[in-house]
Amino acid sequence: MPPLSQLPARVSDDGRIPGTWLWVTRGVWLMVAALVVGVFVAGLPVYFAALQTACASPARCLPNQLTADRLRALGTLGYAPWQYAAYVTTLDSISALGWSAMAALLFWRRSHDRAALFSALTLLTFGAARFANAPLALAAAIPTLALPIAGARFLGSACLSLFFYVFPDGRFVPWWTRWTALAWIAVQVPVFFFANTVFNVSGWSALLAALAFFGFAGSVAVAQVYRYVRVSTWAERRQTRWVVFGMVVALLGYLTLAFVVPLFVPTLTQSGTQAGLALTTGATVVMLMIPLTLGIAILRSHLFDIDVVINRTLVYGTLTATLALIYFGAVLGLAALVQLVAGQTFTGQFARSSLVLVASTLLIAALFQPLRRRIQITIDRRFYRQRYNAAQALRAFSASLRNEVDLRDLTAQLVEVVDTHMRPTHISLWLRPHATSDRRTADAPPPGAAQ
């Protein structure tokens with residue numbers, strides 16, 4: 001199914017799909033959904049059985065399938081093969097369910113909108129066909145289904161690549177993103193249809209694969225920043241903040257677990273080990289951030305504000321990293337200093353190490369609040385400049401209230417502050433008049449009236 005953004009002549013300016021085309025696109029979407037979900041459900045029992053059987057060689061193993069040595073090692077840990085298979089299959093099912101449920105919700109609520117419908121197609125095909133492992137097991141068990149399953153998996157990967165460039169309005173912005181997306185899709189063709197050739201990215205080293213992924217992620221970041229600054233409306237910017245937050249967390253987490261860890265610690269990625277299961281679980285869970293934040297952005301963009309989450313993430317992430325560096329630096333520095341004077345002051349290694357740890361901990365406790373405030377001010381000034389300026393102006397205005405006694409000057413200052421930092425279309429200030437003695441006299445009951 002082609003991206004709905006390629007049908008501009010048949011789509012209205014507000015992104016709605018009118019008339020007959022609406023029912024055609026809905027019908028195509030439902031057919032694709034039925035095929036993808038059917039393949040995934042049919043592949044689950046096959047995948048469950050394959051995980052309990054040792055593969056002939058590591059090159060022919062399905063994702064997370066074990067060799068005979070790994071199956072025996074799993075038994076020494078006290079786990080039966082069916083327990084391992086049940087855990088991995090359940091994890092695969094939860095992941096596919098999360099992606100598919102959000103896709104179904106988008107289709108149910110926003111199927112009339114081209115961007116939302118394409119987003120739903122992306123979530124469904126990527127989550128239930130590309131990222132899931134059950135379809136691969138079905139293709140291995142029934143070779144006649146290998147080609148259509150490869151096509152469904154390629155569709156999911158291609159849709160996700162396009163989605164990164166066309167969100168949130170379904171258009172390629174800036175112009176060069178269509179060619180970048182086409183190049184990235186072309187690179188993925190050998191992965192699904194020509195796996196045994198040198199062009200298959202999966203056969204490259206982890207370093208080259210990571211560099212290719214970083215190049216793609218960098219082009220997406222540039223395109224989204226350009227769209228956010230130059231093109232997006234206020235509502236689209238709210239949606240972009242949600243999705244970018246989820247995608248950054250998901251892609252960085254998945255990149256770390258899928259490329260960085262195997263590059264530096266290859267033994268941790270072996271299937272069947274506790275570390276391998278932890279990495280598989282972490283990669284699956286972190287990728288669920290994409291459908292979650294996408295659904296919130298499209299369906300509830302006017303009810304949630306991600307700025308607070310992003311701000312706290314920046315502040316406390318930077319604070320944690322800074323304090324960790326200070327702590328380790330203090331430990332090493334104090335340990336070296338104590339070692340210098342240990343012969344004159346201390347006699348035991350335990351006493352020296354305890355002093356170093358206590359002093360470093362006290363230093364971190366003393367620096368926590370001042371450093372947090374400084375980082376908060378720096379981030380607000382750098383990334384939230386308008387809000388920072390408004391807060392500074394409000395603070396200065398509050399301080400001037402203590403010395404200002406003339407009502408006209410006070411109202412003039414108030415109007416100036418609001419106009420400068422909020423920039424409303426119109427400004428009007430109404431002050432409630434004070435009750436005068438004449439009014440109190442007029443409101444008083446006449447003499448002799450009952451009180």
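Glutamine 376 is buried in this predicted model, with a relative accessible area of 16%. The residue belongs to helix α13, which covers residues 349–383. When residues up to four places away in sequence are not counted, glutamine 376 touches Asn311, Arg312 and Val315. A residue counts as buried under 20% relative accessible area, so the 16% of glutamine 376 places it in that class.

Alanine 250 offers a second buried position, with a relative accessible area of 0%. This alanine is part of helix α9, residues 234–264. Its neighbours within four places in sequence left aside, alanine 250 is in contact with Val286, Met287, Met289 and Ile290. One of these partners, valine 286, stands 36 residues from alanine 250 along the chain, yet the C-alpha atoms of the two are separated by 5.1 Å.

Such contacts may be set against the chain as a whole. The chain holds 16 helices and zero strands. Of its 451 residues, 37% are buried. Among contacts in the chain with a separation of 6 or more, 71% are between residues 24 or more positions apart. The surface exposed by the chain amounts to about 26300 Å², and carbon and sulfur atoms supply 67% of that area.

The arrangement of one pair of helices can be followed in detail. Two packed helices are described by the angle between their axes and the distance between the axes. For helix α1 (residues 19–51) and helix α3 (residues 81–110), the axes come within 9 Å and cross at roughly 170°. Helix α1 is therefore roughly antiparallel to α3, because an angle over 145 degrees counts as such. From the α1 side, the contact includes Arg26, Trp29, Leu30 and Phe40, together with Leu44, Tyr47, Phe48 and Leu51. On the α3 side, the residues met include Trp82, Tyr84, Val88, Asp92 and Phe107. The residues of this contact divide into 15 nonpolar, two polar and two charged.

The loop between α1 and α2 (68–76) contains asparagine 64. Although it is not a glycine, asparagine 64 has a positive phi of about 70°. Asparagine 64 counts as buried, at 14% relative accessibility.

Attention may now turn to the cysteines. The count of disulfides comes to one. This bond is formed by cysteine 55 and cysteine 61, whose sulfur atoms are 1.8 Å apart. How is each of the two partners classed, buried or partly exposed? Cysteine 55 counts as buried, at 10% relative accessibility, whereas cysteine 61, at 21%, counts as partly exposed. The boundary is 20% relative accessible area, so the value of 21% puts cysteine 61 outside the buried class. Another cysteine, at position 159, counts as buried at 3% relative accessibility.

A feature of the backbone completes the account. Valine 173 and proline 174 are joined by a cis peptide bond, with an omega of about -10°. Proline 174 is located in the loop between α6 (146–166) and α7 (177–193).

Conventions:
Residues numbered from 1 in each chain as written. Predicted model: local features only at pLDDT ≥ 70, side-chain atom pairs only at ≥ 80, totals over all residues. Heavy atoms only, no water. Helix = DSSP H or I, 4+ residues; strand = E, 2+ residues; numbered from the N terminus. Buried < 20%, exposed > 50% of the residue type's maximum accessible area, 1.4 Å probe, protein only. Contact = heavy atoms within 4.5 Å. Areas by Shrake-Rupley, 256 points an atom, 1.4 Å probe, with all protein chains shown as cover. Axes fitted to C-alpha atoms, helices over the stretch in contact; angles between N-to-C directions. Parallel < 35°, antiparallel > 145°, perpendicular 65-115°, else oblique. Nonpolar A, V, L, I, M, F, W, Y, C, P; charged D, E, K, R; others polar. Disulfide = S-S within 2.5 Å.
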